[in-house]
Amino acid sequence: MDMGDGGQRVAQSTESPLLRALTGVRVDPPPIWLMRQAGRYLPEYRKVRAAAGGFLELCFDPGLAAEVTLQPVRRFDLDAAILFADILLVPLALGVDLRFETGEGPRLEPVRSAHDVARLKPAEAVDEALAPVCRTVAAVRAALPAEKALIGFAGAPWTVATYTVEGGSSRDFATVRRWAMADPAGFGSLIDRITEATIRYLVAQVAAGADAVQLFDSWAGALPAELLEPLVFAPARRIVDALRQQAPGTPVIGFPRGIGPAVCAYVRATGVDAIGLDSGVDLAWAAEALPPEVTVQGNLDPLWLELGGDALRREAARVVAAARGRPHIFNLGHGIGKETPAEHVAALVAEVRRGTRETGS
């Protein structure tokens, strides 16, 4: 280990680069993994998905789910695998009917009142219902080299609630926002149930072998500022605190997409170890504004990855330069698009690793 600009520690180790970055160490080159790195853009994924017979069948088959989790790490030599699953497995485990329509996304039986919440299964239901997912975690961890990290994940309570209340994806989230505003106690009972289940689920993933976890709050940006604290910050804080107690030493990455400069308040309120930044956040600003011990993750726009070529190389270099001088994990600002050529991902990984070595730190 040597010292870089400003006295920041620079890690040079055969240990997991990603886990070192998550402890606040500046790693050169920055570790890289990509949201939605296992997905439809990969031909090997499409082959396994077809063999599984359906998306949920794939999620609940530990052998096949482990295979698709490992595929992008094998192909691109990424620094981490992220568990292949879905954020909506938690409401499914709680008794919400869930199906995936081809070309239309998820469809759920809506939960829209405190009475509906009372009919859900207790949080403990996730232990048995999602046990196959934990077997996937164990299989992946056994297959990964020691220097590759395994990231578990769950949807944050607000984002999971949006699907559960709306009955699927939404353009304006009017139904869920209306309930949250008009009946805070009733809606809060749903948030509480999802939060309790999420804690159990993430603790089980860590026990099965996950090295770190990410909390996806993909629709945090749909909320007005005054509701961020009760519906985004407070549930995330409960989850982080529970993991500190029940799975000590497990790094937590928060990803509150779409909240802009409020990411600083999110970090202060939740105590996450790392903050995932969407592409709408100026990474150079965030690198200055966020506490120096917090790792930043992100935040290349996925469309640059789809386009490839000189533009991709230029933007990748810009992201690396913006975060230089502090702990950084290279990632996208959202997931890989299904139209992205696989060779562009390989080019990105090469650029991140080559460019930082050439330009120095």
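These are my notebook entries on a predicted model, taken element by element.

**Entry 1. The open sheet**

I began with the sheet and asked in what order its strands lie. The open sheet has 7 strands in the order 4-7-8-9-10-11-12, and the pairing is parallel. I then looked up which strands stand at the edges. Strand 4 (80-82) and strand 12 have these places, each with a single partner strand, so one side of each is left without a neighbour in the sheet. I noted an average twist of 25° from one strand to the next.

**Entry 2. Strand 8 and its partners**

I turned to strand 8 (212-217). I recorded that 6 of its 6 residues are buried, so that the strand is mostly covered. A212, Q214 and F216 point one way from the strand, while V213, L215 and D217 point the other way. Both sets are buried.

I checked the pairing on each side of strand 8. With strand 7 (149-155), strand 8 pairs in the parallel sense over 5 bridges. Here I found L215 of strand 8 as the bridge partner of A154. With strand 9 (residues 252-256), strand 8 again pairs in the parallel sense, over 5 bridges. On this side F216 stands opposite F255 of strand 9, and D217 has P256 of strand 9 as its bridge partner.

I also followed the chain between these strands. Strand 8, helix 12 and strand 9 make a β-α-β unit, which is right-handed. Helix 11 (residues 184-208) lies across strand 7 and strand 8, and I recorded an angle of about 170° between helix 11 and strand 7.

**Entry 3. S218, just after strand 8**

I looked up where S218 lies. S218 is in the loop between strand 8 and helix 12 (228-246). Is this serine, S218, buried or exposed? Its relative accessible area is 14%, and S218 is buried because the cut-off for that term is under 20%. Leaving aside neighbours within four places in sequence, I listed T159, F255 and R257 as the residues in contact with S218. One of these, F255, is the residue of strand 9 that stands opposite F216.

**Entry 4. Strand 11 and the loop before it**

I next examined strand 11 (residues 295-300), which is mostly covered, with 6 of its 6 residues buried. Strand 10 (residues 274-276) and strand 11 run parallel and are joined by 3 bridges. In this pairing V296 of strand 11 is the bridge partner of I275. The chain crosses from strand 10 through helix 14 (residues 283-289) to strand 11, and I noted this β-α-β crossover as right-handed.

Strand 11 is also joined to strand 12 (residues 328-332), by 5 bridges, and these two run parallel. F330 of strand 12 is the bridge partner of G298.

I then went back to P292, in the loop between helix 14 and strand 11. P292 has 51% relative accessibility and therefore counts as exposed, the cut-off being over 50%. I recorded a C-alpha to C-alpha distance of 6.7 Å between P292 and R326, which are 34 residues apart in sequence.

**Entry 5. The hairpin of strands 5 and 6**

I looked up the sense in which strand 5 (residues 98-101) and strand 6 (residues 105-108) pair. They pair in the antiparallel sense over 4 bridges. R99 stands opposite R107 of strand 6. The two strands form a hairpin with 3 residues between them. In the turn, I noted that G103 has a positive phi of about 80°.

**Entry 6. Helix 2 against helix 4**

My last entry concerns a helix pair. Two packed helices are described by the angle between their axes and by the distance between the axes. For helix 2 (residues 43-52) and helix 4 (residues 62-76), I recorded a packing angle of about 175° and axes 10 Å apart. Helix 2 and helix 4 are therefore roughly antiparallel to each other, since angles over 145 degrees count as such.

Which residues of helix 2 and helix 4 make the contact? From helix 2 I listed P43, E44, Y45, V48 and A52, and from helix 4 L64, E67, V68, Q71 and R75. By class, this contact of helix 2 with helix 4 has 6 nonpolar, 1 polar and 3 charged residues.

Key. Residues are numbered from 1 along each chain as its sequence is written. This is a predicted model: local features need pLDDT of at least 70, side-chain atom pairs count only at pLDDT 80 or more; totals for chains, interfaces and linings use all residues. Side-chain values use heavy atoms; hydrogens and water are left out. Buried means under 20% relative accessible area, exposed over 50%, partly exposed in between (1.4 Å probe, protein chains only). Contact means heavy atoms within 4.5 Å. Two strands pair if DSSP finds at least two bridges between them. A crossover is right-handed if, with the strands pointing away from the viewer, the path from the first strand over the helix to the second runs clockwise. Axes are lines fitted to C-alpha atoms, for helices over the stretch in contact, and angles run from 0 to 180 degrees between N-to-C directions. Angles under 35 degrees count as roughly parallel, over 145 as roughly antiparallel, 65 to 115 as roughly perpendicular and the rest as oblique. Ala, Val, Leu, Ile, Met, Phe, Trp, Tyr, Cys and Pro count as nonpolar, Asp, Glu, Lys and Arg as charged, and the others, Gly among them, as polar.
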